[in-house]
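Please put the structure up on the screen. I will talk through one strand and its partners, then one pair of helices.

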Amino acid sequence: MARIPTEILAPAGDEAALRAAVFSGADAVYLGLTELSARRSAGNFTRGQLEWAVPFCHARGVKVYVAVNTTIWPGELETAAEAIRIAAGAGADALIVQDLAVARLARETAPGIALHGSTQMSVHSLAGAVKLAQMGFSRVVLARELSMAEIEKITQKAPIETEVFVHGALCVSVSGQCYMSAFLGGRSGNRGSCAGPCRLPFAADGSGSAHLSLKDLSAVAELPRLSEAGVASAKIEGRLRGPEYVAAAVTACRKSLCGEKYDEKVLQNVFSRSGFTNGYIEGKIDGRMFGVRTAADAAASRAVMPSIRELYRREMPRVPVDFTVLFDPEGVKLTARDRNGNFAAAYSESEPAPAEKPQEEAIRRALSKTGGTPFEMGRLALEGTPGFLPGSEWNEMRRSALEMLLKKREKLHPIPVAAPQLPAAQHHGTCQRLPIRARFESWQQVPLPFVKKLSGLILPLAEAGKVPPELRAKTVLELPRAMFGAVEERVKAQIAATRQLGFEGYLCQNIAHFELAEGLPLFGGFGLNISNPLAAREYAELGLKAMTLLPELPLSEMAKIAPDAATWALCYGHMPLMMTRACPLQNVTDCARCKQRGGTLTDRKGRRFPVRCSGGVRQIYNPVPLYMGERLSEMPVDAGIAYFTGESREEAARALEFLLNGQPWPEEFTRGLYYKNVQ
């Protein structure tokens, strides 16, 4: 791709933050509407506010990206279509989306608006960026867990732009793969309502305090290298932060990109959690990345705020304007013209007096005083015989011409829209005897006497060599949800080695898998976050023969998803609540001394959460299993998934016996979110 300058992309949670971002020098802002925003507790923007914000930014050469980046419930498709119409009507430059339903609606409703793949899509590999490009996306927001080398590799080879977070809060979970808030508190991070359970205290195996809370990211110093790598956009997290935070971060980024020093201490004082971390980009993923917000941090913020406000008190000049001065015996005409062809003229109130000395430098000085406006003086052309005017007249003409020019630049430019094709409401009936498919982490877990009673098996791709040939036709090979670093190439080689061995197919859990396993029988895992019929239709068109629905969906919503492909849902299992690249157990131990490849975290209520390490990531599981054995007939899907993680073969056999016989679970369990309304 052609090299473009790296933009500084700032958060705008409300109008005050947007003004601070623009006035302090951001090249673009991202914001959410009052509906379907991944930061629902931010101020966000109504239709009217957006129709002010976009022209305000465009007049100053600043782009606006609208985030419609939550999972969409079946009944919200019209709301999503309306959000797209609002963004297009205001002339926004791009939509940031997570759900493929929104992407499809955008292509149908407003094909003139660009699509950016949200970090909630969990794209952390080249194959993911390639697939998004094929689907019409122009940019991918990369996962925050990538190293500099990984960012460089993807950016240099990707057929679309890349966007990288350089400052702000870090979720310990890979974005889009966290279900902890929903399962523990009924508030979904995928829906923009995260309750932040990872910021609460935990203990690790009785050996001391552990954290799921990461320090805030600050990779501002790495901006020159990111720019050299070709990263299109440097993103600042923080739609829940105030204007001071935004201005401080934008200013630091501007200085870093220009090779100037910035005051990291001031940046830290504005907001941090015991300082900053850059562990992911530096490839130093260890216990030093973890931190919490302290009273000292809060006190430092209060002290520094007044001085920060000076950063955005006056507008930063950034829009070049060329002046032409026409001298006429009856007066002077001043024309201000931008580089987009807009122009405005102002006239003197008096005739110019004969000049005793050359006037060009005096005129240039007078017209260059553009402070307090978004304009900076460009070229100056004098026509006719220059005469003398008092400085007050030059000032008034300049002010008047620039005010009119700004109004012309602030004109609304809506993008044409069309009516989308929304799917007709369908309801999936329930099944009296729901087929059960079992997923295992290893072949050693599989209780062979039960295999013939199951509709199929799911096993990790790495376990393919252990599956007997006679069982391959009913075995789906699960591709890893995370493929950081060299894992993607390894997975690609494993797919190539197994594609002719007669397996039923491959379980896709990331958009990258559709590129790696193209042309093969495909099934969908819950990591795809499929939550509405339009997204299901999109995935069916990508090749899925069946798909696992998002576990955050209530059964009543699952019933409304009836695509051409079959649907599955979890009916048993310790739900993977969180997938992390940074290990929370590193607060109390290091990888060299961790012999068990995992452990447990205990929350303040005494609940013990298993933590297991595999494939370069850690999974944190719910303490008690989801169980629907005696209510299988209430599940409006085509198959239930018994999702086995750390169970032994004997424990798996016991769970399958209860499930297949429709018996109640005899110990503590959960129905998950199947009978709840998740925020």
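Start at Met578, which stands opposite Ile620 in strand E27. This is a predicted model, so keep that in mind throughout. Met578 brings us to strand E24, residues 576-580, and E24 pairs with E27 in the antiparallel sense over 4 bridges.

Now the other partner. Strand E26, residues 608-614, is joined to E27 by 4 bridges, and these two run antiparallel. Here Val611 stands opposite Ile620. E26 and E27 form a hairpin with 2 residues between them. In the turn, Gly615 has a positive phi of about 65°.

Is E27 buried or exposed? E27 covers residues 617-621, and 5 of the 5 are buried, so the strand is largely enclosed by the rest of the structure. Both of its faces are covered. On one side are Val617, Gln619 and Tyr621, and on the other are Arg618 and Ile620, all of them buried.

Next, the helices. Two packed helices are described by the angle between their axes and the distance between the axes. For helix H1, residues 15-24, and helix H2, residues 47-58, the axes come within 11 Å and cross at roughly 5°. Angles under 35 degrees count as roughly parallel, so H1 is roughly parallel to H2.

Which residues meet? From H1 there are Glu15, Leu18, Arg19, Val22 and Phe23. They meet Trp52, Ala53, Phe56 and Cys57 in H2. The residues of this contact divide into 7 nonpolar, no polar and 2 charged.

Technical notes:
Residues are numbered from 1 along each chain as its sequence is written. This is a predicted model: local features need pLDDT of at least 70, side-chain atom pairs count only at pLDDT 80 or more; totals for chains, interfaces and linings use all residues. Side-chain values use heavy atoms; hydrogens and water are left out. Axes are lines fitted to C-alpha atoms, for helices over the stretch in contact, and angles run from 0 to 180 degrees between N-to-C directions. Angles under 35 degrees count as roughly parallel, over 145 as roughly antiparallel, 65 to 115 as roughly perpendicular and the rest as oblique. Contact means heavy atoms within 4.5 Å. Ala, Val, Leu, Ile, Met, Phe, Trp, Tyr, Cys and Pro count as nonpolar, Asp, Glu, Lys and Arg as charged, and the others, Gly among them, as polar. Buried means under 20% relative accessible area, exposed over 50%, partly exposed in between (1.4 Å probe, protein chains only). Two strands pair if DSSP finds at least two bridges between them.
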